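Welcome! Please take a moment to look over the sequence and the 3D structure, and then read on for a short guided tour.

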Amino acid sequence: MISAVKGMNDLFGKRAMRWGRMEEDIRRIVENANFTEFRTPILEEIALFKRGVGETTDVVQKEMYDFLDKKGRHVAMRPEGTASVVRAFIEHGIAMNEPMPFKLYYIGPFFRYERPQKGRYRQFHQLGIEIFGDETPQMDAEMIFTACRVLEHFKIDYEVHINSIGCKECRPAYREKLVEYFSSKKEHLCEDCQKRIDTNPLRLLDCKTCNPKAKYHDIPVMTDNLCGSCDTHFKQLKNALEIFHVNGIIDPFIVRGLDYYTRTAFEIVANTGGSQNAVAGGGRYDNLVSDIGGPDTPATGFAMGLERLFDLISEDFYTEPLISAGYALCDEAVDDLVHFAKHMSHHPVRFFADYKPKKFKKALQKADKAGAEFMFIIGEDEAKDKKILMKNLNTGEQKLFGQHEVILIVNELLNYESGKFSATKV
Ligand SMILES: [Zn+2]
Ligand SMILES: [Zn+2]
């Protein structure tokens, strides 16, 4: 038997329906905020991710889903969205051809070759938004607010943690302070962090292995070491977040850890019965576009894990649709049922026909198994009189309609459905 590739999931039935609805809702929310969809390919040259995600990151060093194609090109399945979008932004000259700020979103699958565990898969899904060509803290605030809007729609309890990680002017001096601080504590750090002191000391701040922030309480923080313009930017960010009614908790241990990240960094954690789970994160990356070879373009954005989000949405957030089924009880009724199914297909109701004639009792069993709440029957008498019998399987109530009275039937179903939904919502 052939089974799915490790860490890759199938999605079907009710879960697929809920997932699809979740994506529809997300698209509506971000499109209302004037973000337009941006689609990039799954495969990119691996060089893009080395430059765009960072050669020293775990993603690039350990988790890339990469291979040589038939011509020996080294390609990788995208492990995240920003690098591809920046590549496309440069390639299509968007900075010259489109009005700035350029606001986009992406939603789709990403791939990381890491050990699969609960909630972590080799194929996973993300929503991302990016805004190019605007350096204002107000735009950062709008970006963070958009992530909050999504979580609020799904009635998720969350906290927003914000930080500033400075710029090319002020970060090098801060970096030195960190190196100096940790060099006397080297033996208490994990193996990765001992290397990070030289390559990427900011990453020590959010290491989950040796967790220095829990051990030491006098670690120098970036927010105390910002230059004048970064300090102003951070103050204005906090002010704009207040206007958006976003409660940004200052958390100096949120770092992005790569040189092209600048100023704003944030993370959103969901509160789930005592534990906290990061569900979205992002920030400003004013130097990435130019680092990859494009025009100097400030940018800001976030990514949100959709598997995480999906698990946080409560079971009763989406009500199940009303399903109805149609059956023919004899050969003479089949054409009438085909005709009825054709007309029902034009209406926003979930109706399916079972064309194989069967006894009433068998039809009832099948309708029940399919979760139908209404059943339509055309038997010998109904076929003769061009009638159709509608049966409410919850109450047992029956009504006879003309086969052409589809509008009446649909209204009847929609009324029942809205009544049912408003009853469950209370
Ligand atoms: Zn600065
Ligand atoms: Zn560590």
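Here is a briefing on a metal site, a pair of helices and some details of the backbone. Please keep in mind that this is a predicted model.

**The zinc site**

- Start at the zinc ion (ligand 2), whose protein donors are the SG atoms of C190, C193, C207 and C210.
- These donors lie 2.2 to 2.3 Å from the zinc ion (ligand 2).
- If you trace the donors along the chain, you will find the spacing C-x2-C-x13-C-x2-C.
- Why is the arrangement around the zinc ion (ligand 2) called tetrahedral? The four donor atoms subtend angles of 104 to 116°, and four donors count as tetrahedral if all angles lie between 85 and 135 degrees.
- Are C207 and C210 buried or exposed? C207 has a relative accessibility of 5%, so it counts as buried, and C210 is buried too, with a relative accessible area of 8%. The cut-off used here is that buried means under 20% relative accessible area.

**Two helices that cross**

- Next, find helix α6, which spans residues 137-153, and helix α10, which spans residues 228-243.
- The axes of α6 and α10 come within 8 Å and cross at roughly 45°.
- That angle is neither under 35 degrees nor in the range of 65 to 115, and α6 and α10 are therefore oblique to each other.
- The crossing in which α6 passes α10 is right-handed.
- On the α6 side, the contact is made by P137, Q138, D140, A141 and I144. On the α10 side, H233, Q236, L237, A240 and L241 take part.

**A cis peptide bond**

- Which residues does a cis peptide bond join? They are M100 and P101, and omega is about -5°.
- To find P101, look in the loop between α5 (94-97) and β5 (102-111).

**Positive phi angles outside glycine**

- K155 is not a glycine, yet its phi is positive, at about 60°.
- You can find K155 in the loop between α6 and β7 (158-164). K155 has a relative accessible area of 69%, so this residue is exposed.
- H245 is also a residue other than glycine with a positive phi, near 60°.
- The place to look for H245 is the loop between α10 and β8 (248-250). With a relative accessible area of 74%, H245 is exposed.
- For K155 and H245, the cut-off behind the word is that exposed means over 50% relative accessible area.

Note on methods
Residues numbered from 1 in each chain as written. Chains lettered and ligands numbered in written order. Predicted model: local features only at pLDDT ≥ 70, side-chain atom pairs only at ≥ 80, totals over all residues. Heavy atoms only, no water. Donors = N, O, S within 2.8 Å, 3.2 Å for Na, K, Ca; no water. Tetrahedral: all angles 85-135°; square planar, octahedral: opposite > 155°, others 65-115°. Buried < 20%, exposed > 50% of the residue type's maximum accessible area, 1.4 Å probe, protein only. Axes fitted to C-alpha atoms, helices over the stretch in contact; angles between N-to-C directions. Helix = DSSP H or I, 4+ residues; strand = E, 2+ residues; numbered from the N terminus. Parallel < 35°, antiparallel > 145°, perpendicular 65-115°, else oblique. Left-handed = near helix turned anticlockwise from the far one by under 90°. Contact = heavy atoms within 4.5 Å.
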